[in-house]
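The following exercises guide a reader through one protein model. Each task is followed by a solution in steps.

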Amino acid sequence: MKPAVVLLSGGVDSATTLAIARNQGFLPSALSFAYGQRHSRELESATRVAAALGAKEHRILTLDLRLIGGSALTGEIAVPKGRSLEEIGSGIPVTYVPARNTIFLAHALAWAEVLGAEDVFFGANILDYSGYPDCRPE
């Protein structure tokens, strides 16, 4: 089996991505991040998903993106609730963490080099592209 790194947040998109990597014959190592997010639930889920889907190993890398700021997920900005469809479809939401996925991918690439892996898997929901620039295909 070929080694690969899979970014694993604990959500449905990354869990599906881990399953796809396994199904395609890769031996995935899962990488999650404690980046200063307000809750640890997603990391607890990532740990369970990595075990259930047969990741070779699962690492949680600690980064403090609170120091960069700019997001309700890492700062003292209120998370909006009950937004209309119009509000949801316009602009970048305050829950966007600046360059988070790019930062995660850079670390995944570094670990892939160490593991001798040529493949990195990342599951971003394309339906989020309107508000989250780092989920856009380009």
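**Exercise 1.** Determine what share of the contacts in the protein with a separation of 6 or more comes from residues 24 or more positions apart.

*Solution.* The model is a predicted one. Contacts are counted where heavy atoms lie within 4.5 Å. Among the contacts with a separation of 6 or more, residues 24 or more positions apart account for 70%.

**Exercise 2.** State how many helices and strands the protein has, and give the pattern they follow along the sequence.

*Solution.* The secondary structure comes to four helices and four strands. Read along the sequence, these elements follow the pattern β-α-β-α-β-α-α-β.

**Exercise 3.** Establish the order of the strands in the sheet and identify which strands stand at the edges.

*Solution.* Step one: the four strands form an open sheet in the order β3-β2-β1-β4, with parallel pairing. Step two: β3 (58–62) and β4 (119–121) each have a single partner strand, so they stand at the edges and one side of each is left without a neighbour in the sheet. Step three: direction ignored, neighbouring strands of this sheet are turned by 30° against each other on average.

**Exercise 4.** Describe the pairing of β2 with β1 and with β3, and name residues that stand opposite each other.

*Solution.* On one side, β2 pairs with strand β1 (residues 2–7) in the parallel sense over six bridges. In this pairing, K2 stands opposite F26 in β2. On the other side, five bridges join β2 (residues 26–34) to β3, again running parallel. Here L31 is opposite R59 in β3, and F33 is opposite L61 in β3.

**Exercise 5.** Find the handedness of the β-α-β units that contain β2.

*Solution.* The unit made by β1, helix α1 (residues 12–23) and β2 is right-handed. The unit made by β2, helix α2 (residues 41–52) and β3 is also right-handed.

**Exercise 6.** Decide whether β2 is mostly covered or mostly uncovered, and give the share of buried residues in the protein.

*Solution.* A residue is taken as buried under 20% relative accessible area. By this criterion, seven of the nine residues of β2 are buried, and the strand is mostly covered. In the protein, buried residues make up 33% of the 138 residues. The accessible surface comes to about 8,000 Å², of which 57% belongs to carbon and sulfur atoms.

**Exercise 7.** Locate A99 and characterise its phi angle and its exposure.

*Solution.* A99 lies in the loop between α3 (85–88) and α4 (100–115). Its phi is near 60°, a positive value in a residue other than glycine. The relative accessible area of A99 is 33%, so this residue is partly exposed.

Conventions:
Residues are numbered from 1 along each chain as its sequence is written. This is a predicted model: local features need pLDDT of at least 70, side-chain atom pairs count only at pLDDT 80 or more; totals for chains, interfaces and linings use all residues. Side-chain values use heavy atoms; hydrogens and water are left out. Helices (H or I, at least four residues) and strands (E, at least two) are DSSP runs, numbered from the N terminus. Buried means under 20% relative accessible area, exposed over 50%, partly exposed in between (1.4 Å probe, protein chains only). Two strands pair if DSSP finds at least two bridges between them. Axes are lines fitted to C-alpha atoms, for helices over the stretch in contact, and angles run from 0 to 180 degrees between N-to-C directions. Accessible areas come from the Shrake-Rupley method with a 1.4 Å probe; for residues, only the protein chains shown count as cover. A crossover is right-handed if, with the strands pointing away from the viewer, the path from the first strand over the helix to the second runs clockwise.
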